[in-house]
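Please explain how this protein chain is arranged in space. A reader new to the structure would like to be led through it step by step.

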Amino acid sequence: MRSNRRQFLASPVLAGLVGMLPLTAANAQAAANDAGVLPPGMPGVHYRPVEVPDGVKLPWHIVDGVKVFHLTAEEVEHEFAPGLTTRCWGYNGRVHGPTIEAVEGDRLRLYVTNRLDVATSVHWHGLFLPNGMDGVAGLTQRAIEPGETFRYEFTLRQHGTFMFHSHHDEMTQMALGMMGMFVVHPRKPDDPLPDRDFVYMIGEWSVRPGMRRPDPNEMTDFNVLTMNGRVFPGTSPMVVKTGDRVRVRIGNLSAMDHHPMHLHGHAFEVVETDGGRVPVTARWPETTVLVPTGSTRTFEFVADAPGDWAFHCHMTHHVMTQMGHGMPNLIGVDPSLFDQKLAEVVPEFAAMGHTGGHHEEDTTMPPNSLPMMGGTAGFGYVTMGGMLTVVKVRDQLTDHTDPGWYEHPDGSVARPATAAELEKDSIRMEGS
Ligand SMILES: [Cu+2]
């Protein structure tokens with residue numbers, strides 16, 4: 001982590017700009033406080049922009065060599081997937097907030113306007129910056145009162161994948177959605193650029209079925225698990241070409257949970273955390289990476305296998321939506337018309353029917369709620385929802401729009417075995 005910063009500060013370009021000062025903490029701080037340490041990094045020149053599935057990036061403009069951004073904290077009407085919309089708190093009309101994208105050496109000025117009815121602040125998670133820009137209300141600044149606009153300014157002295165979030169009444173404000181991703185590209189990449197570069201903020205919410213406001217008091221029973229604020233089947237796929245080198249950046253600011261994110265059909269290597277780049281010699285292959293809350297993990301893989309590959313949290317309750325943990329276990333019971341009657345008075349019952357997790361169109365679903373399990377794909381119902389998306393790898397692509405479900409080569413899909421096959425391979429069926 002520190003080596004990156006030292007390497008950067010020791011770079012000939014920067015050394016020239018700061019007058020060949022010896023590298024000390026004080027000089028580093030002075031360099032960081034100088035406006036326009038390096039010319040603003042430009043997309044297509046200094047970096048290849050990231051992609052944010054189901055999200056947006058925060059616009060900026062340049063004033064006197066400084067990149068100027070404007071975040072507005074406000075109440076947001078947010079749809080997790082068709083059928084579930086809630087009142088959240090976010091930034092610039094979004095949950096989660098727009099992704100900030102900039103370049104190492106950029107000078108940034110970030111205005112934060114508070115349109116909430118309560119005070120707030122913004123912390124720039126993982127970034128090296130002057131202490132007074134750190135955004136911890138009460139500790140490094142006073143809170144931003146309703147109606148006020150605060151000004152943060154600092155120079156980016158590192159590169160990597162970071163985050164921003166409220167640092168005032170965090171339990172409430174983060175539970176309601178006040179967070180976003182912050183990507184800083186290197187001036188000179190250490191590694192070959194990937195062909196595709198995706199960014200995800202993963203998160204967890206408590207939304208009781210039928211309710212329209214997430215519950216910030218929840219400590220254990222989260223029932224809406226999101227990727228960029230969406231749950232499957234509301235998540236857009238990552239659409240990539242066979243042979244692409246794909247980078248996926250994941251930030252986790254869940255209240256209480258770490259998420260083991262698992263990719264099917266491929267292996268990847270973690271190339272950086274929010275603490276910095278992982279040296280090539282320290283990387284190892286994985287298919288699942290645990291993303292602890294309050295951290296980021298970035299991995300890369302070569303998409304060498306065409307198909308529709310699931311990418312999801314491996315905690316089974318995190319690929320469910322609005323499960324009713326408090327309900328009696330009715331699996332195997334046939335309550336006949338009891339479902340309908342009970343659901344009328346106990347909306348949460350609809351989240352756990354008598355066949356297990358709910359997954360069909362069901363008249364007992366309360367309004368403004370999602371079934372416990374997923375949605376329809378090429379072969380029928382996917383019994384996962386929540387923290388799930390799909391990597392669609394295709395040999396031929398004209399653009400990056402959703403190409404639909406994969407058309408498998410003949411003979412390459414699992415299917416019912418024939419009697420002749422069972423006989424030939426000596427598979428004996430019990431009772432036959
Ligand atoms: Cu999880």
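The following paragraphs go from the chain as a whole to its sheets, its core and some individual residues.

The model is predicted. The chain contains 6 helices and 25 strands, and buried residues make up 42% of its 432 residues. Of the contacts in the chain with a separation of 6 or more, 73% are between residues 24 or more positions apart. Confidence has a mean pLDDT of 86, and 81% of the residues reach 70 or more. Over residues 27-33, however, the pLDDT is below 50, and this stretch has 13 contacts in the model beyond near neighbours in sequence. Residues 1-25 also have a pLDDT that stays under 50, and the model gives them 30 contacts beyond four places in sequence.

The sheets come next. One open sheet has 4 strands in the order β4-β9-β8-β6, and its pairing is mixed. At its edges are β4 (100-103) and β6 (122-125), each of which pairs on one side only. Neighbouring strands of this sheet are turned by 20° against each other on average, direction ignored. Strands of a sheet pair through backbone hydrogen bonds, either parallel or antiparallel. For β4 and strand β9 (residues 179-185) the sense is parallel, over 4 bridges. Within this pairing, I100 has F182 of β9 as its bridge partner, and E101 has V183.

The side chains of β4 can be followed one by one. In a regular strand the side chains alternate between the two faces of the sheet. In β4, I100 and A102 point one way while E101 and V103 point the other way, and all are buried.

A second open sheet is built from 5 strands in the order β12-β25-β20-β14-β18, again with mixed pairing. Its edge strands, β12 (238-241) and β18 (288-291), have a single partner strand each, so one side of each is left without a neighbour in the sheet. From one strand to the next the twist averages 20°. Inside this sheet, strand β14 (residues 259-263) and strand β20 (residues 307-313) run antiparallel and are joined by 3 bridges. One residue of this pairing is M261, whose bridge partner in β20 is C313.

The nonpolar interior is the next topic. In soluble globular proteins, nonpolar side chains tend to be buried together. Here the largest nonpolar core has 82 residues, and those with the most contacts inside it are F182, Y200 and V391. Strand β10 (residues 196-205) gives the largest share of this core, 6 residues. F182 was met above as the bridge partner of I100. Y200, when residues up to four places away in sequence are not counted, touches M227, N228, V248, R249 and I250.

Two further residues show how parts of the chain that are apart in sequence meet in space. F69 has its place in strand β2 (residues 66-81). Is F69 buried or partly exposed? F69 has 19 other C-beta atoms within 10 Å, and a residue needs 20 or more to be buried, so F69 is partly exposed. Leaving aside its neighbours within four places in sequence, F69 is in contact with L58, W60, I100, L108 and L110. I100 among these belongs to the residues of β4 described above. F69 and Y111 are 42 residues apart in sequence, yet their C-alpha atoms are 6.2 Å apart in space. G294, in the loop between β18 and β19 (295-302), is partly exposed, with 15 other C-beta atoms within 10 Å. G294 and G126 are 168 residues apart in sequence and 9.4 Å apart in space, C-alpha to C-alpha.

Some details of the backbone remain. Most residues other than glycine have a negative phi, and most peptide bonds are trans. V95 and H96 are joined by a cis peptide bond, with omega about -10°, and H96 lies in the loop between β3 (84-91) and β4. The peptide bond from F232 to P233 is also cis, with omega near 10°; P233 is in the loop between β11 (224-227) and β12. D54 is not a glycine but has a positive phi of about 65°. Its loop runs between α3 (25-33) and β1 (61-63), and D54 is partly exposed, with 16 other C-beta atoms within 10 Å. D169, likewise a residue other than glycine, has a positive phi near 45° and is found in the loop between β8 (160-166) and α4 (170-175).

Technical notes: Residues are numbered from 1 along each chain as its sequence is written. This is a predicted model: local features need pLDDT of at least 70, side-chain atom pairs count only at pLDDT 80 or more; totals for chains, interfaces and linings use all residues. Two strands pair if DSSP finds at least two bridges between them. Helices (H or I, at least four residues) and strands (E, at least two) are DSSP runs, numbered from the N terminus. Axes are lines fitted to C-alpha atoms, for helices over the stretch in contact, and angles run from 0 to 180 degrees between N-to-C directions. A nonpolar core is a set of buried Ala, Val, Leu, Ile, Met, Phe, Trp, Tyr and Cys residues joined through C-beta atoms within 7 Å. A residue is buried if 20 or more other C-beta atoms lie within 10 Å of its own, exposed if 12 or fewer, and partly exposed in between; C-beta atoms are placed from the backbone. Two residues are in contact if their C-beta atoms, placed from the backbone, lie within 7 Å. pLDDT is the predictor's confidence in each residue, from 0 to 100.
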